[in-house]
Amino acid sequence: MRLLLATATGAAVFASGTATAFATQSALPKAAAAACSLTTADVTDIKVGDAYIPIKDDATVDFEATIKNPYALTADPGDSTKKVLAKDVTSIRADFQRVGETTWNDATIAQIPAPPTGNQTTAPADVTVKGSFKVTKDNKDGKWQVRLQVIRTGPQTESCKEVTVDPQVKLVSAGVTDPVVITAGEDTKVAVKANILGASAVTARLYSNDGNDSVDLTLSKGNSVNSWYEDTWFDSDFSTGTWTLELTAGRGKESIKYEKADTFSVQTGKSKSKKSKTNVSFDVSANKVKKGKAVRLFGTAYRGSSAYSGKMVELYYKKKGSSGWKFLSFAKANSSGKFSKSVTPKFDAYWRAVVTGTSKTYGSTSSAEFVDVR
């Protein structure tokens, strides 16, 4: 039986990392540019990292800007026959705002580094500088702008980049197959689905309220931006009665736990005679290996067209020149049906994976892979 690790309380529980400290600078002039675009003579690109409304602590959004022609070749004051590099960009300033707001907020930005010394023949075409700005839990998601002011020995220009700031993580809905009907000697598919705003990772825990069973899953991204899903399989060893779905959704250094995202029931039912087909892919990390070095055996188990979650896959080997296959060990498939096992082969041999059949499924055997030990 599976160990029950916690009980549901119905509350949302927060976990977060440490907020990042920011340096500040004088703000740019308050008048916004007519349109959010780059002045490519000065800034050829602005790349913005993961931007989102945090759950609790402030989030740092990193960006980097490519500054064009940051240096100029000038005559060496000590030797007119030589050229040296001098900064043509004397200062860079940065700020940010949400589109539609009137106030710009200070951002941090690195300055152009000192140029290389000594005699130079050409000036670097561009240099990348890094910056960041802060988003708080009270800010609004949507379209934001990052604005740079590049100040040269001559003119100064503004460049702007629009970025989408994702919403704060929030559970909209969640559901599990209900009821889950289990029968002796068979596997029953259980679908977990969730609609969660702003998350970059979602995990799930299904646990029995009355027994000691639980299942942990990592959900996959669905077709729509906020959808998450994963399938698992229950057999007749699982506890019947009421079960609870617990979800944990994360973004950046923070996560929020929904301890009672949904409830469902597990019931016993009559056995069905129809069997499902299985399939197993298999490969090795190297077909040639030095003696004493490890090789990874891996693959994916399928039940029908879905991942065979939790299935114990059998691994076999056959020594070169022999006629019989010998059992090595089991490898448990995860929620995506993937399995893996590291071995240190001592001789040339063929390797393969086997999914055994049940009263509900047919068995299947992978193709063999040869490993040459040198």
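This report walks through the sheets, cores, surface spots and salt bridges of one predicted model.

## A first sheet: strands 2, 3, 9 and 8

Let's start with a sheet that is open and has four strands, lined up in the order 2-3-9-8 with antiparallel pairing. Strand 2 (43–48) and strand 8 (108–109) sit at the edges, and each has a single partner strand, so one side of each is left without a neighbour in the sheet. As background, strands in a sheet pair through backbone hydrogen bonds, and they can do so in a parallel or an antiparallel way.

Now look at strand 3 (residues 59–68) and strand 9 (residues 126–135), which pair in the antiparallel sense over 10 bridges. If you want to find one pairing by eye, try A65: its bridge partner in strand 9 is V129. Strand 3 also holds T66. Is T66 buried or exposed? Its relative accessible area is 17%, and anything under 20% counts as buried, so T66 is buried. Setting aside residues up to four places away in sequence, T66 touches D42, V43, T44 and D45, and also D126, V127 and T128.

## A salt bridge across that sheet

Strands 3 and 9 have a side-chain link too: K130 and E64 meet in a salt bridge, at 3.0 Å from N to O. K130 belongs to strand 9 and E64 to strand 3, so this pair ties together parts that are 66 residues apart in sequence. The two partners don't get the same label for accessibility: K130 is exposed at 56% relative accessible area, while E64 is partly exposed at 27%.

## A second sheet: strands 7, 6, 10 and 11

Another open sheet of four strands follows the order 7-6-10-11, again with antiparallel pairing. Its edge strands are strand 7 and strand 11 (156–165), each pairing on one side only. Strand 10 (residues 142–152) and strand 11 run antiparallel and are joined by 10 bridges. One spot to look for is W144, which stands opposite V163 in strand 11.

Next, check out V99, found in the loop between strand 6 (89–98) and strand 7 (105–106). V99 counts as partly exposed, with 34% relative accessibility. Which residues does V99 contact, once its neighbours within four places in sequence are left aside? They are K143, W144, Q145 and E162. For a sense of scale, V99 and E369 are 57 Å apart in space, C-alpha to C-alpha, and 270 residues apart in sequence.

## Two nonpolar cores

The largest nonpolar core has 29 residues, and the members that touch the most others are I196, L206, L219, F234 and L247. Several strands give two or more residues to this core, including strand 12 (170–176), strand 14 (188–197), strand 15 (201–208) and strand 19 (241–251). Which strand gives the largest share? That's strand 20, with five residues.

L219 is a good place to zoom in. Leaving aside neighbours within four places in sequence, its contacts include V192, A194, V202, W228 and L247. There is also a second, separate core of 27 residues, with I112, V146, V150 and V165 among them.

## A nonpolar patch on the surface

Some nonpolar residues show up on the outside as well. M312, F327 and F330 form a surface patch, and together they have about 270 Å² of accessible area. F327 is part of strand 26 (residues 326–332), and its relative accessible area of 39% makes F327 partly exposed.

## More salt bridges

How many salt bridges are there? The count comes to 11. One of them joins D138 to K137, with the closest N and O atoms 3.5 Å apart. Here D138 is exposed at 62% relative accessibility, and K137 is partly exposed at 41%.

Another salt bridge links K189 and D231, whose closest N and O atoms are 3.4 Å apart. K189 lies in strand 14 and D231 in strand 18, so the pair ties together parts 42 residues apart in sequence. K189 is partly exposed at 39% relative accessibility, whereas D231 counts as buried at 17%. Finally, D42, D88 and R152 are joined into one network by salt bridges that share partners.

Notes. Residues numbered from 1 in each chain as written. Predicted model: local features only at pLDDT ≥ 70, side-chain atom pairs only at ≥ 80, totals over all residues. Heavy atoms only, no water. Pairing = 2+ DSSP bridges. Core = buried A, V, L, I, M, F, W, Y, C linked by side-chain atoms within 4.5 Å. Buried < 20%, exposed > 50% of the residue type's maximum accessible area, 1.4 Å probe, protein only. Contact = heavy atoms within 4.5 Å. Patch = residues over 30% accessible without salt bridge, like charges linked within 9 Å, V, L, I, M, F, W, Y side chains within 5 Å. Areas by Shrake-Rupley, 256 points an atom, 1.4 Å probe, with all protein chains shown as cover. Salt bridge = Lys/Arg side-chain N within 4 Å of Asp/Glu carboxyl O.
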